[in-house]
Amino acid sequence: MGAIRGAICAQNTVDDISSKAVELIAEIIAQNNLSCDDVESIIFTATGDLNACYPAKSVREHFNMPQIAYMCLAEMDVESGLDHCIRVLVYAPTIMQKNCKHCYLGRAKCLRQDL
């Protein structure tokens, strides 16, 4: 089973959180050659400054994936952490961990400069 990580930054509006969450999941699916049926569950975290909506709702509706298990959690409030950040962990049993391509987009690229 693969556990694919990713992150993106958004403004605290329903439209921006929703569109950025969809953009991030679309990139993860594309980069890892997955179909929506390959995804078993998705865990989102968001920094405390993003509270306009749940990112999972827009992803579930956009990709028509009601069967996926979703969780939305609060990101740790680390003093030097990146603000306005949505992080994700996508579980896909059809991909091996060593083949996972993690996706850090926009300002969130600084979280994993090694990738």
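The exercises below, each with a worked solution, concern a predicted model.

**Exercise 1. The sheet**

Work out which strands form the sheet, in what order they lie, and which of them are edge strands.

Solution. Begin with the order, which is β3-β2-β4-β1-β5 in an open sheet of five strands with mixed pairing. Next take the ends of that order: β3 and β5 (103-104) are the edge strands, since each pairs on one side only. Then turn to the pairings of β4 (85-92), which runs antiparallel to β2 (residues 41-46) and is joined to that strand by six bridges, while eight bridges join β4 to β1, again in an antiparallel arrangement. Individual partners can also be read off: T45 is bridged to R87 in β4, and C9 has C85 of β4 as its bridge partner.

**Exercise 2. Helices against the sheet**

Determine which strands helices α1 and α2 lie against, and at what angles they run.

Solution. Following on from the sheet, helix α1 (residues 14-31) packs on it and touches β1 (2-9), β2, β4 and β5, with a direction that makes about 145 degrees with that of β1. Helix α2 (residues 55-62), for its part, lies across β2, β3 and β4 and runs at about 155 degrees to β3.

**Exercise 3. The nonpolar cores**

Explain why β4 can be called largely enclosed, and then find which elements supply the largest nonpolar core.

Solution. The first step is a matter of burial: β4 is largely enclosed by the rest of the structure because seven of its eight residues are buried. The second step is to look at the largest nonpolar core, which has 30 residues, and in which I25, I42, F44, V59, Y70, V88 and V90 touch the most other members. At least two residues of this core come from each of β1, α1, β2, α2 and β4, and α1 gives the largest share, with seven residues. The third step takes V88 as an example: leaving out residues up to four places away in sequence, V88 touches I4, R5, G6, L24, I25, I28, I42, I43 and F44. Finally, another core, of six residues, lies apart from the largest one, and C9, L82, C85 and Y104 are among its members.

**Exercise 4. The cysteines**

Decide how many disulfides the model contains, and check C9 and C53 individually.

Solution. The test is whether two cysteine sulfur atoms lie within 2.5 Å of each other, and by this rule the count is zero disulfides. For C9, the nearest cysteine sulfur is that of C85, at 4.6 Å, and C9 is in no disulfide. C9 is nevertheless buried, because its relative accessible area is 10%, and the cut-off for burial is under 20%. For C53, the nearest cysteine sulfur belongs to C72 and is 8.7 Å away, and C53 is likewise in no disulfide.

**Exercise 5. Two residues of one loop**

Locate V78 and H84, and describe the surroundings of each.

Solution. V78 lies in the loop between β3 (69-74) and β4, and H84 has its place in the loop between β3 and β4 as well. V78 counts as partly exposed because its relative accessibility is 44%, and its C-alpha is 22 Å from that of I4, a residue 74 positions apart from V78 in sequence. For H84, a polar contact of 2.8 Å joins its side chain to that of D83. Setting aside neighbours within four places in sequence, H84 is in contact with I8, C9, A10, Q11, N12, T47, D49, L50 and R107.

Methods:
Residues numbered from 1 in each chain as written. Predicted model: local features only at pLDDT ≥ 70, side-chain atom pairs only at ≥ 80, totals over all residues. Heavy atoms only, no water. Helix = DSSP H or I, 4+ residues; strand = E, 2+ residues; numbered from the N terminus. Buried < 20%, exposed > 50% of the residue type's maximum accessible area, 1.4 Å probe, protein only. Pairing = 2+ DSSP bridges. Contact = heavy atoms within 4.5 Å. Axes fitted to C-alpha atoms, helices over the stretch in contact; angles between N-to-C directions. Polar contact = N/O pair within 3.5 Å; in protein donor to acceptor, adjacent residues only side chain to side chain. Core = buried A, V, L, I, M, F, W, Y, C linked by side-chain atoms within 4.5 Å.
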